[in-house]
Amino acid sequence: MKQLFCILAAIFVLFSCNQDKAEKELPSGSIFHLTSQWQDQYNHSYQLDALRGKALVVVMIYTSCKATCPLLVADMKKIEKQIKPSYLHKTSLVLVTIDPEKDTPEHLAGFAKTSGMDAPHWVFLRSDEAATQEFANVLSMKYKKISPIDFSHSNIISVFNPDGELILQEEGTGINTEKVAGKVNEAVKGS
Amino acid sequence: MKIQLIHIIVFSVVAWCASCNLQEAVPDAESQALQPKQLSSQAKMVLIPGGAYKPFYGSDTALVKVNPFLIDERPVTNGEFLAFVKAHLQWQRSQVKRLYADTNYLHDWVGDTVLPEGINIDAPVTQLSWYAAKAYATAVGKRLPLLDEWELVAMADETVPNAREKKSYSDKIIDLYLVKNRQYNAVSQSPPNYWGVYNFFDLVWEWTDDFNSVLVTGDARSGEYSDNNLFCAGSATSATDVLNYAAFMRFSMRAGLKAHYTVANLGFRCAKDVDDKPLLTSPEGRDLASTGE
């Protein structure tokens, strides 16, 4: 009889696991529905849902930018400093290039190193032009190539919860990084 | 007791496996996406020879080069989009991901595959997002037109390829823009423009592939698209664009859009690259232009 209960219990657990998986379906607005392929600075190739389970702070830049991108990068570092150190392993700070042609994985790795952004929570991503455009649209970001080397673009830092739902956007440079980091801490705590 | 036990185990395992199989057997919207059915577009395409054109914004001297391309002679219709969502379940109203369309997506439709009563199936489809328009274009083997391509065609009136210098050109477009409920009329009923392209202005606004290249807010760099360049009345009446207030209306519209927005009078048409064909070098594209799809 005991054995029977054990087996029934085991089966019950099996079923409930199954249900659990079904319940954790992605929210309808999640960016993890995107099916585009990306490469990171380590030349690993994956879809965005590989980042699922961590809070994301996302910005789009290009590394040869001399104007506002350095300010955006500085903002990202400020945000990093204000995220609880123990939460950093549940956070990804993601920089997506709008110049996939020049910003190769090798180039992004070099940029990460010289900018002191080589900790594991820093993720640099590139894809093809169509996926880059789609991703920019997901962030409601405007951009245009204005010369062979330069882009005109809006400055937006976005925060996503671990299920890929947009929970905050801050536009402009010199944004309130404390607010952004606060939102990240909240998202990690609630996950 | 033992037999009972075995029965229970066998039954449970069978039930569990069955439920697994069931999950795999039911095709959901996701897996449909992986095997898109080939749809064909009824819309005839017109060859536009391309060339260098002066955009409605930016500096006087900077010409933008546009390669030859094909463009649908009219916007995509309700009937065509209905056929598309029947074949691509993930774009039906109840299935579409919020990531790809706001809650007003195909708002007037009665159900996932039912058009509202009284609507003209030959009227342009509206109330759909950039993602949905792009998915349709891909499904029929086409793409969305680039903003520069669209604006190049928009320079034509009924008689000349570039009517921007005519006073009547912009006035007429603005009159058309102001007509209420214009999106409910059937396509291809009004006179075509110089290229043989219908309904560029009179029925709907249209999505373009790179609509998000119009920068007007939160501007990063004071490049060619500052607020002043695009909106300020001072620059609207400056030497280059005194007659093109209609274009400024379009650019304002685009600047205000986000890709998941759906709007009651915003539709789209498709475009396509041209394969290398010798006829492209012809200076008079009009007569050679029509190619059936």
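Guide: pLDDT is the predictor's confidence in each residue, from 0 to 100. This is a predicted model, in which local features need pLDDT of at least 70, side-chain atom pairs count only at pLDDT 80 or more, and totals for chains, interfaces and linings use all residues. Residues are numbered from 1 along each chain as its sequence is written, while chains are lettered from A and ligands numbered from 1 in the order in which they are written.

Visitor: Over which residues of chain A does pLDDT stay under 50?

Guide: Over residues 17-23, where the model also has 0 contacts beyond four places in sequence. A contact needs two C-beta atoms, placed from the backbone, within 7 Å. For chain A as a whole, the mean pLDDT is 90.

Visitor: What makes strand β3 of chain A largely enclosed?

Guide: A residue is buried if 20 or more other C-beta atoms, placed from the backbone, lie within 10 Å of its own (exposed: 12 or fewer; partly exposed: in between). In β3(A), residues 55-61, 7 of the 7 residues are buried, so the strand is largely enclosed by the rest of the structure. A strand is a DSSP run of E, at least two residues; a helix is a run of H or I, at least four.

Visitor: How many bridges join β3(A) to strand β4 of chain A?

Guide: Strands pair if DSSP finds at least two bridges between them. β3(A) and β4(A) (residues 91-97) have 7, and therefore pair; they run parallel.

Visitor: Which strand runs antiparallel to β3(A)?

Guide: Strand β8 of chain A (residues 156-160), joined to β3(A) by 4 bridges. In β8(A), S158(A) is the bridge partner of V58(A).
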